[in-house]
Every structure is written in structure tokens, then in C-alpha cells.
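Please load the complex in your viewer and keep the selection panel at hand. The stops below move from one selection to the next, and each says what to look for there.

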Amino acid sequence: MKKLISLEEAAKLVKDDMTIMVGGFLGVGSPERILKELIKNNVKNLTLIANDTSFPGQDYGDLVVHKMVKKVIVSHIGTNRETGNQMHSKELEVVLVPQGTLAEQIRAYGAGLGAVITPTGLGTVVEEGKEILEVDGKRYIVEKPLRADIALIRASKADKNGNLIYDKSARNFNPIMAMAADIVIVEADEIVEVGELDPNFVMTPHIFVNYIVGDDK
Amino acid sequence: MDKNKVKEIIARRVAKEFKDGQLVNLGIGLPTLVANYISHDIDVTLQSENGFVGMGVAPKEGEEDPNLTNAGALPTTIKNSGAFFDSATSFAIIRGGHLDYTVLGALQVDEKGNLANWMIPGKLVPGMGGAMDLVTGAKKVIIAMTHTSRGNVKILEECTLPLTAKGQVDMIVTEMGVMKITNKGIVLVEKNPEFTVEEVQEVTFAKLIIPDDMKEME
């Protein structure tokens, strides 16, 4: 079917100045093969939305190492020294967001919500410069939805129509990112025929998926 | 006191707080050790914020699964009764009040229940990860840490580092004792018999309230 593309084709869809979401939690569940290919293309000025910046020498951690990123929106940078270095030398803009807020901002865009209002971050630097809303006597921070031009996600199984199943803790941000980008590209460990996945157990419905990278390992 | 002994005292004491049927999130580092001391007579479910409940013990060498890690990216296991989910669900559990306890470390904690554990301006900026949501959303927040760190006092009248959350800490467990944060200040509810009250106060820059029924820390 039309959704199947090669690694090269997938990586070429990512262009300078784009905002990309990359699934994964400290690298676990990230589309490693697409990222490796992307690094060869040396794309510049990306905005990276991910849970963290992983580790140097692997997956999306290397997007930072290779200076392909001008801005990251993440919850944690402690495992990638290069992120800290580039932040201090002002080469890289780092926006730190509480992990639950980040997840909900991404989900909100995909779900067509105008904002997330959350108590997380009240009384901290996180609330600085943001609107505070009082609902039924309780204070909340107004956090805006997050979108991307492209989401690069990883699934354990995909059928050729794009229905996805994730494996264990490799699921993390992948399902919500699949809902929040203009183009969604999936790297699947295994691609099966349509009908082979029980619709009861599909975790991301195919309607969110634009491209599946073939299993040309 | 030996470093490992200190950690054991703290982890062992924190584990006593949990009751049968509760859901608990243990932070990275010292709080992770708490899992080793939870009584086998009770069923406590551990959450891992990267997306599952029912976290088990560390896998045997050679049995690690690259798709099954804890929030510190270390290999772990899941119990038969466990379940995986995405990050939005994971933080709905955390923020939505479904979590009975979160146990975390601290750089500073103060008598108002304020916590600082995510950055030291100009020096260390790892980010907050899930800590702000955990501290805001969990029913009870326990800080498990060494009483001081390299000679630095960490229990203060008021935190000086950027806060993780305001007024959310319920309890502090160190090798010296167990402290509860109350409206009146920090109450030393249990004390390790190896230390005197004066010794504990000396390394605590907030006035400790000593109750008449102060217990010995087990």
C-alpha cells in the first residue's frame, strides 16, 4: 500500500527549520533507524519536542550532538551532556517542561483542545510569564498545545495500513505524538499484512499514520 | 556511618509507611532502594512513570529487555498483574490523585513543605522530568535523603534553590529521623537513637519541634 516508504524517503521528509516530535523515553521506544538516516542528511535548525534529549551517541541524542537542533522542548536533559553544553554556550534554546504537562500539551493538540490547565508548576519558575486561571477556587497554569510538522515514532508492529501496536515501556510518548503532527512516520520492528492485527488490540488507529518505514534493516 | 548503611536505614523506614493495596512511585537513586524493603505481607503496586504499573525486580543478567526499563532507563521487569500505558495515561495517574505515595530525593526541603530538587542555577540543570507532576499530584510526598550532603544542610527554613513545588511535602526520612511537615513547622516524630536531638538540630536549619511522644526510629 501507499504508506510504505524507504528509510531514505522517510528521512528526506524532514527539512530545515521544521518542528519534529520524536517518541521515546531516554531513547527507549525511539525510531533509531530513521534517526540514523536523518543524521546523515545533516538537516539544520530543527525544533525537537521529546521527553528528553536521550544520551549522546544514540538516537535523538545525536541530533543535538550533531548540532541539527536550535531548540528543544523537553522535560529532562540530564543524560546528554551536549545539551547542557550547547545551552550554556547559547547555541541551543532549551525549554524545560514538566513531563506530565508535556504529555498533555501534545495530547491537547491532537485532541483539538485550546489549552491544558494544570496545577503542576504552580509556585515555581514554570508559571512565569504564563496565564493563571482560577476554576472553582483552585489555581491552574494555562499551558498551550504543542504541535509538530512531523512526528517520528516507533512501533513494535504495524500492519500495512498503519495500525500500530507498541511493546512494553517503549510505548511512552509515541501514541500521543502520532496524533499531534501534520505528518506521522512510523518505524516498525515488524510489518504485517492488513487483518493480522486484532482490531481490539490496536493501540494507534491507522488514521493517524501517514507513512510506515519498510523493514529494510 | 557507612554510606550503604545510611541508605538502608532510610529505605527500610520509608517502606514501613505503605499499606496493602497502595500505589507508589519511587524516584531514581536512593528511593529506588525502598522497593527492597516492602513487606511481603502486603501488596504494594509500583508505578514507573515511563508507562506502567506493577514494576518488578531488576532482571537477571542476560534477561534484560531493551523495551522494558524504569524511569532511569535501567532494565527492569513487570509483574504478571501489571499493565503498560502511554505517557499521558501515566501522568493522569500521577496528577489525577490516583497515586498514594511518591518518594523522591531532594536538594533542599523547607518547613513550609517546599521542595527543590531539579536544578542548581549555573551549575546543574538536569530538568524536572516527572518530579513536578509527582509532587503536585500524589496524595502523600515523602522525601528520602541523607540528612546533609557533603556537609551542606538541606532541611531549611526556606529553600533558596528554584522550587519543584510549593507546600507539597508531607514527610522527610533521613538516617537521623523521621520528620513531618505541619502548619507549625517540622516535627521530629522519630529519631535514630544513635543521634541526640541536639545533633539532629545542629544539621537542620529549621527549628525542629520535639513532641512528647517522639519515638525511636526503627
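Begin by selecting A:Leu26, which counts as buried because 28 C-beta neighbours lie inside 10 Å; a residue is called buried if 20 or more other C-beta atoms lie within 10 Å of its own, exposed if 12 or fewer, and partly exposed in between, with C-beta atoms placed from the backbone. A:Leu26 sits in the loop between β2 (19-22) and α2 (32-41) of chain A, where helices (H or I, at least four residues) and strands (E, at least two) are DSSP runs numbered from the N terminus. Its backbone deserves a look as well, since phi of A:Leu26 is near 50°, a positive value in a residue other than glycine. Most residues other than glycine have a negative phi.

Before going further, note that this is a predicted model, in which local features need pLDDT of at least 70 and side-chain atom pairs count only at pLDDT 80 or more, while totals for chains, interfaces and linings use all residues. Residues are numbered from 1 along each chain as its sequence is written, and chains are lettered from A and ligands numbered from 1 in the order in which they are written.

**A sheet in chain A**

Select β6, β7 and β8 of chain A next, and you will have an open sheet of 3 strands in the order β6-β8-β7, with antiparallel pairing; two strands pair if DSSP finds at least two bridges between them. Its edge strands are β6 (116-118) and β7 (132-135) of chain A, each of which pairs on one side only. Neighbouring strands of this sheet are turned by 40° against each other on average, direction ignored, the axes being lines fitted to C-alpha atoms, for helices over the stretch in contact, and angles running from 0 to 180 degrees between N-to-C directions.

Now keep only β7(A) and strand β8 (residues 138-143) of chain A, which pair in the antiparallel sense over 4 bridges. Within these two strands, A:Ile132 stands opposite A:Ile141 in β8(A). Add helix α5 (residues 99-110) of chain A, which lies across β6 and β8 of chain A and runs at about 155° to β6(A).

Which residues does A:Glu143 touch, not counting those up to four places away in sequence? Select A:Glu143, in strand β8 of chain A, and you will find that it touches A:Thr101, A:Gln105, A:Ala115, A:Val116 and A:Thr118, a contact meaning that the C-beta atoms of two residues, placed from the backbone, lie within 7 Å. A:Glu143 is buried, because 23 other C-beta atoms lie within 10 Å.

**Across to chain B**

Select chain B as a whole, which has 5 helices and 16 strands. Its radius of gyration is 17 Å, close to the 17 Å that the globule rule gives for 218 residues, so chain B is as compact as a globular protein of that length; the radius is taken over C-alpha atoms, and the rule is 2.2 Å times the number of residues to the power 0.38. Along its principal axes the C-alpha trace of chain B spans about 50 × 40 × 30 Å, and buried residues make up 46% of the 218 residues in chain B.

Select strand β8 (residues 140-144) of chain B, which is mostly covered, with 4 of its 5 residues buried. Strand β5 (residues 101-104) of chain B runs parallel to β8(B) and is joined to it by 4 bridges, and the bridge partner of B:Tyr101 in β8(B) is B:Lys140. Another parallel partner is strand β12 (residues 171-173) of chain B, joined to β8(B) by 3 bridges, with B:Ile142 standing opposite B:Met171 in β12(B).

Then move to B:Ala73, in the loop between β3 (52-55) and β4 (78-84) of chain B. Phi of B:Ala73 is near 70°, a positive value in a residue other than glycine, and B:Ala73 counts as partly exposed because it has 18 C-beta neighbours inside 10 Å.

**Where the chains meet**

Finally, display both chains: the contact takes 32 residues from chain B and 36 residues from chain A. On the side of chain B that touches chain A, α3 (87-95) and α4 (131-137) of chain B each supply at least two residues, and α3(B) gives the most, with 5 residues. As for confidence, the predictor gives the complex an ipTM of 0.96 and a pTM of 0.97.
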